[in-house]
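Welcome to a short guided tour! Open your viewer, turn on the side chains and get ready to select residues as we go.

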Amino acid sequence: EDALGDKVEVPVLENIPEGAASQRTFADLVRKGNDLIFGTSFGYMDPMLAVAEANPEVCMQHGTGYKTADNMGTYFGAAEEARYLSGIAAGEATENGQIGYVAAFPLPEVIRGINAFTLGAQSVNPDATVQVIWTKTWFGPDEEKQAAESLLDQGADVLAMHQDTPATGEAAAEAGAKWVGYNDDMSRFAPEAWLTGPVWDWGPHYTEVAEAVLEGQCPTEQYYGNMADGLVNLAPFGESVSEETQAMIEEKAAEIIAGSFKPFTGPVMDQDGEERIAEGGSATLDELLSMDYFVKGVEGSPEG
């Protein structure tokens with residue numbers, strides 16, 4: 001709306017359950033005359049696809065998924081780039097090498113984030129381990145805090161997360177531990193624990209897609225933004241992150257943006273010692289989008 005003014009109207013619906021409820025919602029948005037619909041949860045994929053196939057005149061865009069149609073594209077981003085960088089901060093911050101990770105669901109996007117974070121931590125702290133607890137919820141403050149406290153009780157002195165609430169950070173602060181967030185700058189919730197965290201800027205992509213639809217086009221590719229195009233970034237550092245660590249992270253970020261470094265550069269070994277990415281190689285987009293294994297140093301099951 002800020003970018004396109006009165007060319008667009010943007011109704012926003014929140015807290016729509018996945019499954020049949022979301023399919024009814026998408027169909028209702030079509031009936032109300034919306035020309036472009038964004039679905040912003042992985043579980044909206046099949047419901048949106050069904051509505052897209054039944055309404056070829058409407059442009060659909062699914063966030064974080066992998067299915068497309070003649071009038072449906074997907075969009076997501078290389079959060080693993082910022083995850084790797086935040087792992088460096090965690091690896092430098094941990095005193096005992098035990099890092100905990102509160103994770104939502106065992107999906108490829110979550111798994112590759114955990115793996116990239118672990119590789120980043122191990123780049124500065126080779127013996128660091130990352131223990132994962134699954135909450136099976138995107139937004140569950142109670143479940144997240146319980147998982148965080150369990151990790152802290154088991155010895156973790158730094159926590160990371162793939163969740164939507166600051167409960168992990170609040171638990172870290174109460175225990176005197178450090179914290180890596182996700183989604184946006186959550187430092188306001190637990191500033192004394194805050195290190196940094198991956199963040200998103202969706203606005204430019206939404207505007208670009210809306211402009212295309214206004215011109216009679218519907219993007220149907222699998223858009224995968226990154227730090228170079230600004231979709232993915234790293235939140236400001238907490239006060240406990242040293243200038244030396246900040247400089248190290250900023251240098252690695254510059255390499256990522258320039259394309260001279262990729263987080264999943266081989267050799268990469270999985271938990272069982274099997275080589276998944278050969279030395280000198282790097283993960284393809286298809287391999288990233290289908291990642292279903294944990295790298296060496298992650299404790300827990302990638303199956304949930």
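A residue counts as buried when its relative accessible area is under 20%, as exposed when it is over 50%, and as partly exposed in between (1.4 Å probe, protein chains only). One note before we start: this is a predicted model, in which local features need pLDDT of at least 70, side-chain atom pairs count only at pLDDT 80 or more, and totals for chains, interfaces and linings use all residues. Residues are numbered from 1 along each chain as its sequence is written, and side-chain values use heavy atoms, with hydrogens and water left out.

**Stop 1: two tryptophans**

Rings of Phe, Tyr and Trp (its six-membered ring) pair if their centres lie within 6.5 Å; planes under 30 degrees apart are stacked, over 60 edge-to-face, and the rest tilted. By this rule there are 15 aromatic pairs. Select Trp 179 and Trp 194: they make an edge-to-face pair, 5.0 Å centre to centre with 75° between the planes. This pair links distant parts of the chain, since Trp 179 is in strand E7 (residues 178–180) and Trp 194 is in strand E8 (residues 194–196), 15 residues apart. Strands here are DSSP runs (E, at least two residues), numbered from the N terminus. Are these two rings buried or exposed? Trp 179 is buried at 0% relative accessible area, and Trp 194 is buried too, at 2%.

**Stop 2: a stacked pair and its cluster**

Now select Trp 200 and Trp 202. Their ring centres are 4.6 Å apart and their planes are at 15°, so this pair is stacked. Trp 200 is buried at 14%, while Trp 202 is partly exposed at 24%. Add Phe 38, Tyr 75, Phe 76 and Tyr 206 to your selection: ring pairs link these with Trp 200 and Trp 202 into a cluster.

**Stop 3: strand E3**

Tyr 75 and Phe 76 bring us to strand E3 (residues 72–77), where six of the six residues are buried. In a regular strand, side chains alternate between the two faces of the sheet. On one side of E3 look for Met 72, Thr 74 and Phe 76, and on the other for Gly 73, Tyr 75 and Gly 77; both faces are covered.

Which strands pair with E3? Two strands pair if DSSP finds at least two bridges between them. Strand E2 (residues 59–63) pairs with E3 in the parallel sense over four bridges, with Gln 61 partnered by Gly 73. Strand E10 (residues 222–225) also pairs with E3 in the parallel sense over four bridges, and there Phe 76 stands opposite Tyr 224.
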